[in-house]
Amino acid sequence: RNFYYITMLRDPVSRYLSEWKHVQRGATWKTSLHMCDGRSPTPDELPTCYPGDDWSGVSLREFMDCTYNLANNRQVRMLADLSLVGCYNLTFMNESERNTILLQSAKNNLKNMAFFGLTEFQRKTQFLFERTFNLKFISPFTQFNITRASNVDINEGARQRIEELNFLDMQLYEYAKDLFQQRYHHTKQLEHQRDRQKRREERRLQREHRGHRWPKEDGNTDGAVTEDYNSQVVRW
């Protein structure tokens, strides 16, 4: 079988706030094994941010202060090949080298995907998906600009802090937006070219159809009668 890997990316600040609100309501990822190189990380490699069953009611500050929070740079981490950096073992290499490798790996994997979309561009995402896989959705995608994340009122300092915590995701998202627009415009251009070719072909067929219409026979009876009658009138 041919498998196609696809994904959706989201503005890192909105995505981070959305996950915080999700965790605040009691969501956890306890069932996630975080498998890498055939094993799950040890408690020392991936400590938890809270002692109880969940992190319900966590404030945004508490959420940001946990250095082991997997919400940080989640999109890069989930797209990258963690084997390249020793999985969750942070002592495998220095932080700067680790970040560089993770970001580049995430970019490469994103570029090699048959399709990816952006939450902030729903209609363009639908267009690309339908053209990529030759499928049509029964209804158009809806752009929801009002979300739980958009309803969170944060000051500029908090926003900057979130961007700092997700600096890899910020770089990935800028790369993704550029690549997404390139794919969109390229696909649009190809579609316009096919439409023009189709119209040219239709005009050609129309011309051929007109050229194959049968001309009137030379010995048209009505014409002959009229001509003979007129000539007789002149003589008379």
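**Entry 1. Asn166**

I began with Asn166, which I found in the loop between α6 and α7; helices here are DSSP runs of H or I with at least four residues, strands are runs of E with at least two, and both are numbered from the N terminus. The model is a predicted one, in which local features need pLDDT of at least 70 and side-chain atom pairs count only at pLDDT 80 or more, while totals for chains, interfaces and linings use all residues. Residues are numbered from 1 along each chain as its sequence is written, and side-chain values use heavy atoms, with hydrogens and water left out.

I looked up the accessibility of Asn166 and obtained 0%, so this residue counts as buried (buried is under 20% relative accessible area, exposed over 50%, partly exposed in between, with a 1.4 Å probe and protein chains only). Leaving aside residues up to four places away in sequence, I listed Pro12, Tyr16, Ala71, Asn72 and Asn73 as the residues that Asn166 touches; contact means heavy atoms within 4.5 Å.

**Entry 2. Overall composition**

I counted eight helices and two strands in the protein. Read from the N terminus, the order of elements is β-α-α-α-α-β-α-α-α-α. Of the 236 residues, 32% count as buried. I also noted that, among contacts between residues at least 6 apart in sequence, 70% join residues at least 24 apart.

**Entry 3. Helix α1**

Helix α1 covers residues 12–24, and its 13 residues reach 18 Å from the first C-alpha to the last, close to the expected 18 Å; the expected span is 1.5 Å times one less than the number of residues. I recorded Pro12, Val13, Arg15, Tyr16, Leu17, Glu19, Trp20 and Val23 as buried in α1. Two of these, Pro12 and Tyr16, are also touched by Asn166. The buried residues of α1 pack against α2 (60–65), α3 (74–79), α6 (156–165) and α7 (167–211). Just after α1, I found Gly26 with a positive phi of about 110°.

**Entry 4. Positive phi outside glycine**

I next checked residues other than glycine, since most of them have a negative phi. Asp37 has a positive phi near 55° and lies in the loop between α1 and α2. Asp37 counts as exposed because its relative accessibility is 58%. Asn73 likewise has a positive phi, near 55°, and I located it in the loop between α2 and α3. Asn73, however, is buried, with a relative accessible area of 10%. Asn73 is one of the residues that Asn166 touches.

**Entry 5. Helix α7**

For α7, I compared the end-to-end distance with the expected value: the 45 residues should span 66 Å, and the end C-alpha atoms are 66 Å apart, which agrees. I listed the buried residues as Leu168, Asp169, Leu172, Tyr173, Ala176, Leu179, Phe180, Tyr184, Thr187 and Glu191. What covers them includes β1 (6–9), α1, α3, α4, β2 (115–118) and α5.

**Entry 6. α4 against α7**

How do α4 and α7 pack, and at what angle? Helix α4 (residues 95–111) packs on α7 at about 25°, with the axes 10 Å apart; axes are lines fitted to C-alpha atoms, for helices over the stretch in contact, and angles run from 0 to 180 degrees between N-to-C directions. The two helices are therefore roughly parallel (under 35 degrees; over 145 is roughly antiparallel, 65 to 115 roughly perpendicular, the rest oblique). The crossing is right-handed, meaning that the near helix is turned clockwise from the far one by less than a right angle, left-handed being anticlockwise. From α4, I noted Asn99, Leu103, Ala106, Lys107, Leu110 and Lys111 in the contact, and from α7, Phe167, Leu168, Gln171, Leu172, Tyr175, Ala176, Leu179 and Arg183. These residues divide into nine nonpolar, two polar and three charged; Ala, Val, Leu, Ile, Met, Phe, Trp, Tyr, Cys and Pro count as nonpolar, Asp, Glu, Lys and Arg as charged, and the others, Gly among them, as polar.

**Entry 7. α5 against α7**

Helix α5 (residues 122–133) packs on α7 at about 60°, with the axes 10 Å apart. I therefore entered α5 and α7 as oblique to each other, with a left-handed crossing. The contact is made by Lys124, Thr125, Phe127, Leu128 and Arg131 of α5 with Phe180, Gln181, Arg183, Tyr184, Thr187, Lys188 and Glu191 of α7. I classed these residues as four nonpolar, three polar and five charged.

**Entry 8. Phe141**

Lastly, I placed Phe141 in the loop between α5 and α6. The C-alpha atoms of Phe141 and Arg123 are separated by 5.8 Å, although the two are 18 residues apart along the chain. Not counting residues up to four places away in sequence, Phe141 touches Gln122, Arg123, Thr125 and Gln126.
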